[in-house]
There are 2 protein chains.
Amino acid sequence: MGEYRLICTDCGRAFGRDEVEYVCPECARTQRPGECLRGVLRAEYAIPRDGLRRFPREGPAGAARFIDLLPIDDPALLPPLPVGPSPLLSVPRLREALDTPRVFVKDDTVLPSGSLKDRASSLVVAKAREKGAGVVTTASTGNAATALAAMAAAAGIECVLFVPAEAPRAKLAQMLAFGARVLRVTGSYDDAYALCLEASLHFGWYNRSTAYNPYTIEGKKTVALEIWEQLGREAPDAVVVPVGDGVILAAVAKGFDDLRAAKLVDRVPRLVAVQAEGSAAIVDACEQGAATVTPLARATTIADSIRVAVPACGTWALRALRETKGRGVRVSDDAILAAIAELGRLAGVFAEPAAAASLAGLHGALASGAVSPDARVVLLVSGSGLKDIDAGLRAVAVPEPIPPTLDAVRRAIGA
Amino acid sequence: MGEYRLICTDCGRAFGRDEVEYVCPECARTQRPGECLRGVLRAEYAIPRDGLRRFPREGPAGAARFIDLLPIDDPALLPPLPVGPSPLLSVPRLREALDTPRVFVKDDTVLPSGSLKDRASSLVVAKAREKGAGVVTTASTGNAATALAAMAAAAGIECVLFVPAEAPRAKLAQMLAFGARVLRVTGSYDDAYALCLEASLHFGWYNRSTAYNPYTIEGKKTVALEIWEQLGREAPDAVVVPVGDGVILAAVAKGFDDLRAAKLVDRVPRLVAVQAEGSAAIVDACEQGAATVTPLARATTIADSIRVAVPACGTWALRALRETKGRGVRVSDDAILAAIAELGRLAGVFAEPAAAASLAGLHGALASGAVSPDARVVLLVSGSGLKDIDAGLRAVAVPEPIPPTLDAVRRAIGA
């Protein structure tokens, strides 16, 4: 419903909504292999001079209530699998343990396919329907693909997915159950990404690949809109975000920026970008004060959802960090595993490694003073631990079986 | 907030709320090993003569809104991990495929720990806090234990779980991540159940074991209250329920019974009980017109959550079927696997085998005329497919890897 233009985040050119599909064509021409994506587009809404009134709209749960800040005209285009609001959890035991009395957990593990990626996929499928596309496609290491498959299934659009042949089993089971055509591409995620792009151009499929499709950011920003509403129409002081390709970080900033443009909030929160230490291109650039992100030769971490050597949305994410006086935090795989157990034990939330990274990062941010213990801070928990059982089991001690006797119980519990 | 008594579903004796803890002591004395649980208690609320007004209450999402029909005085006792409402999905593609235009999916896969069992565990933890219990315990094949662990973690109550040593890996990872003490008992679920009972009496732990603790049924009935509210304060014509020990079936009936007693609905829906053909004690009894359920020597099915030889809540479930003019349906494991794929492909919902059984059962109920294609019918989908990846992968064809070339894509999609 929102009238909007698309602005190139690199060169600043403005395009009408139907003038351009994915990235700025001028900047795309200068794209070199192995660097961050050039020409990522940013939707800019026409806001009445006195701001948006009656936002969000009344209505049942789901993104449709935010239609005034979404790039579709008809909320009925959204798939019949509503996304959000996910809970913003008060977490008394975690607050006590961290001595941070105003920390919240934004629990996106309970979204339809179990990750924040549902937010982007729902909107992209709506856009595909608006455009009359018969097939949607994406490259993904896992969560984006399962989310797209779920939304396409609900909406009745064909879905072709390009994933590394070694994609995690749980995510593979989901996308296949959702009836997608899954192409398990021999090689890395980068190979799958390149092949998806080539195929989408060749066959005319609508491409959801993250950052390349500007509506992924518009969909993901609903997490910020929900946080704002759940905090009583206020921004928190800080949002802690697990970061791989940078799209979620950019999207959180975009959500609060749009609220500010709509005169619904007067400041944006400080963003804290958490990266695994083996996959920290964006944090590196932030600390070095660099203007652009230098991709890594190779990314390694247990957290597959944020294991990214070439962060597609790196430039925008870096700018978002700067503009919000944000900070980067690096966390080790051991710290991520410890955070899975801590979040489970103290909040009852089971997170996949990338999602638990935000708690690991909060420890770092509190220790360095990047986040004050008095701050109202939101931890983004972006995907379910059920998507990576192996990591979950590494985070805990699995007990040996006991015989069915009271004595054995007594020994086991140390009574 | 609801004032209530506890009535024995076998002998009809009434007890004050604090007079009795788990089952009717008189009937428990006649309990023989290997038969359905005797003396299961039913909460009966004191309802004003003109019914309940202003139900449910205003407030944030979660069971607290239903406090007038729940057996706790203070909604703040509920753990800070709100349960429900889960979505009642309109499913256009499934409707079309089934030629049943008014079918809905009640999607409990998105509850906090991924199953309907969260409803019972949340209320039982509230009850434990009310009673000042320091430890909660349960025996479980998996979902009830993970749900109890999550709720206990959020509330800060110690949790001891008795599960078969061979409990599914995903569920084991969840309960351990939630910080529970997990006792993996060598032997069957029945061995774990007996040991849990013995240990809870010995150590004074508060026992959540299903049906034995009457508040499991009170917690699970919130699924019926939500359906009623989501259908515009009306009952559907039928609810299709996967059935193992019979507690969920009894709870759905109880929810609508309570609404009728509160003058909020004038009829209860027909219940359709779906059991796996290797685990169909309740359906057997229903078809034979028997007064009680004869336990099986052994139960076999791929659907671990409804694999039950001795249905604890069999007697009550059988009565609920009779009183609602309900029907039983048996489904094969192959039909359950096909239903996983069908539900995923047509609704975007990934279910564990027990949860997909309701769709398999609807096919049977439509074929036999037990449910009319014009009926407003709700399919209860009780647990996430991420809890049983192996079954999910058996339900689909896993494609072979392809090389990263357009030709390979063309061959794979048959273009």
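These legends go with four close-up views of a predicted model. Residues are numbered from 1 along each chain as its sequence is written, with chains lettered from A and ligands numbered from 1 in the order in which they are written. Because the model is predicted, local features need pLDDT of at least 70 and side-chain atom pairs count only at pLDDT 80 or more, while totals for chains, interfaces and linings use all residues.

**View 1. Chain A as a whole.** Chain A holds 15 helices and 13 strands; these are DSSP runs numbered from the N terminus, with helices being H or I of at least four residues and strands E of at least two. Along the principal axes, its C-alpha atoms fill a box of roughly 75 × 45 × 45 Å. The radius of gyration of chain A is 21 Å, which agrees with the value near 22 Å for a compact globule of 415 residues; it is taken over C-alpha atoms, and the globule rule is 2.2 Å times the number of residues to the power 0.38. Of the 415 residues, 61% are buried, meaning that 20 or more other C-beta atoms, placed from the backbone, lie within 10 Å of a residue's own.

**View 2. Helix 5 of chain A, tucked in.** This helix spans residues 169-177, and 8 of its 9 residues are buried, so it is largely enclosed by the rest of the structure. The buried stretch includes A:Ala170, A:Lys171 and A:Leu172. Its cover comes from both chains: among the elements are helix 4 (143-155) and strand 7 (158-164) of chain A, plus helix 12 (333-347) and helix 14 (389-394) of chain B. After the helix comes A:Gly179, with a positive phi near 80°.

**View 3. Helix 8 of chain A and its cover.** Helix 8 (residues 222-230) is mostly covered, with 7 of its 9 residues buried. Among them are A:Glu226, A:Ile227 and A:Trp228. The cover includes helix 3 (117-131), helix 9 (247-261) and strand 13 (377-381) of chain A. Just past the helix, A:Gly232 has a positive phi of about 75°.

**View 4. Around the rotation axis.** Chain B lands on chain A after a rotation of 180° with 0.0 Å of shift along the axis (RMSD 0.0 Å). The two copies are thus related as by a two-fold rotation axis. The fit is by least squares on the C-alpha atoms of residues with pLDDT of at least 70 in both copies. In chain B, B:Val110 comes closest to the axis, its C-alpha at 2.5 Å. Both copies use the same surface, as 99% of the contact residues of chain B recur in chain A; contact means C-beta atoms, placed from the backbone, within 7 Å.

Note on methods:
Buried ≥ 20, exposed ≤ 12 C-beta atoms within 10 Å, placed from the backbone. Contact = placed C-beta atoms within 7 Å.
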